Every structure is written in structure tokens, then in C-alpha cells.
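Work through the exercises below with the sequence and the coordinates at hand. Each task is followed by a solution in steps.

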Amino acid sequence: FRGRYHVLGGALSALDGVTPERLNVAQLLERVKHGVDEVILAMNATVEGQTTAHYLMDLLGDMKVTRLAHGVPIGGELEYVDRGTLAHAFGSRTDMA
């Protein structure tokens, strides 16, 4: 991928006291002001990752914001995939045509 990377340094977590001020959110917002066409979020598939992604999407407003896909891994056995991952994979499916 040819682009610029930005590391937040974690994910929002009320239980652990991780607030937006403890992450590199302000720096991200400053960077996207200068010729950025799209922000691609690569967050863990956890409650904290989801919360952080939604928070950032709200902050980025009208910018094009996408997320890396989550779901069944290549080479994964379906019998070992949990319900949540399988449900997300169904919801995020794409047309192969």
C-alpha cells in the first residue's frame, strides 16, 4: 500500500482510562488536513477497537473513512470460527463477479 501511516498508540477504553487525549488523535486530525483522500482504519475486532473506529469516523466527518475487513481468515476452518466473527463475515461479504 502506498500511503502514509499513523499510529494511534492504542484504543479507547473507559475501563483502562484510555481517553482520546492519551492517544495520537489530535496529530491524526492535523495530518488529514493536508491532501488526504481517504483514511483507512486498521483496528482490532474488539469492543475497544470498534469504539475507537466509530469515534474517529465521527471526528473525521465528511472524509472518506474505510476499515480493513474482518472475518474468516484465509485457510481458516469454519468449525473453529466463533459466532461473532462469522456473523461479521456474512455482513461484510462482497460480490466475487
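**Exercise 1: a residue in the last helix**

G91 lies in helix α3, which comprises residues 83-91. The model is a predicted one.

Task: determine whether G91 is buried or exposed, and how far it lies from P20 in space.

Solution.
1. The relative accessible area of G91 is 64%. Exposed means over 50%, so G91 is exposed.
2. In sequence, G91 and P20 are 71 residues apart.
3. In space, the C-alpha atoms of G91 and P20 are 29 Å apart.

**Exercise 2: the chain as a whole**

Task: describe the order of elements, the extent and the burial of the protein chain.

Solution.
1. Three helices and two strands make up the secondary structure.
2. Read from the N terminus, the order is α-β-α-β-α.
3. Along the principal axes, the C-alpha atoms fill a box of roughly 45 × 40 × 20 Å.
4. The protein chain has 97 residues, and 19% of them count as buried.
5. The exposed area is about 7,700 Å², with 55% of it supplied by carbon and sulfur atoms.
6. Among contacts with a separation of 6 or more, 52% come from residues 24 or more positions apart.

**Exercise 3: the geometry of α2**

Task: check the length of α2 against its expected span, then find which side of α2 is buried.

Solution.
1. Helix α2 has 14 residues, and at 1.5 Å a residue it should span 20 Å.
2. The end C-alpha atoms of α2 are 20 Å apart, which agrees with that span.
3. The buried residues of α2 are G49, T52, A53, L56 and L60.
4. These residues cover an arc of only 100° around the axis, so they sit on the same side of α2.
5. The general rule behind such a pattern is that an α-helix has 3.6 residues a turn, so residues three or four places apart point the same way.
6. On the other side of α2, V47 and D58 are exposed.
7. The cover over the buried residues of α2 includes α1, β1 and β2 (64-67).
8. Just after α2, G61 has a positive phi of about 55°.

**Exercise 4: the nonpolar core**

Task: identify the residues with the most contacts inside the largest nonpolar core, and the element that gives the most to this core.

Solution.
1. The largest nonpolar core has 13 residues, and L8, L41 and L56 have the most contacts inside it.
2. At least two residues of this core come from each of α1 (25-31), β1 (38-41) and α2 (47-60).
3. Helix α2 gives the most, with three residues.
4. Neighbours within four places in sequence left aside, L56 is in contact with L8, V25, L28 and L41.

**Exercise 5: two buried polar side chains**

Task: for T52 and then S13, state the location, the accessibility and the contacts.

Solution.
1. T52 is placed in helix α2.
2. The relative accessibility of T52 is 1%; since buried means under 20%, T52 counts as buried.
3. Residues up to four places away in sequence not counted, T52 touches L8, A11, L12 and M43.
4. S13 belongs to the segment before α1.
5. With 8% relative accessibility, S13 counts as buried by the cut-off used for T52.
6. The side chains of S13 and D16 are joined by a polar contact of 3.1 Å.
7. Beyond four places in sequence, S13 touches V18 and E48.

Definitions and conventions. Residues numbered from 1 in each chain as written. Predicted model: local features only at pLDDT ≥ 70, side-chain atom pairs only at ≥ 80, totals over all residues. Heavy atoms only, no water. Core = buried A, V, L, I, M, F, W, Y, C linked by side-chain atoms within 4.5 Å. Buried < 20%, exposed > 50% of the residue type's maximum accessible area, 1.4 Å probe, protein only. Helix = DSSP H or I, 4+ residues; strand = E, 2+ residues; numbered from the N terminus. Contact = heavy atoms within 4.5 Å. Polar contact = N/O pair within 3.5 Å; in protein donor to acceptor, adjacent residues only side chain to side chain. Expected span 1.5 Å × (residues − 1). Arc of directions from axis to C-beta. Areas by Shrake-Rupley, 256 points an atom, 1.4 Å probe, with all protein chains shown as cover.
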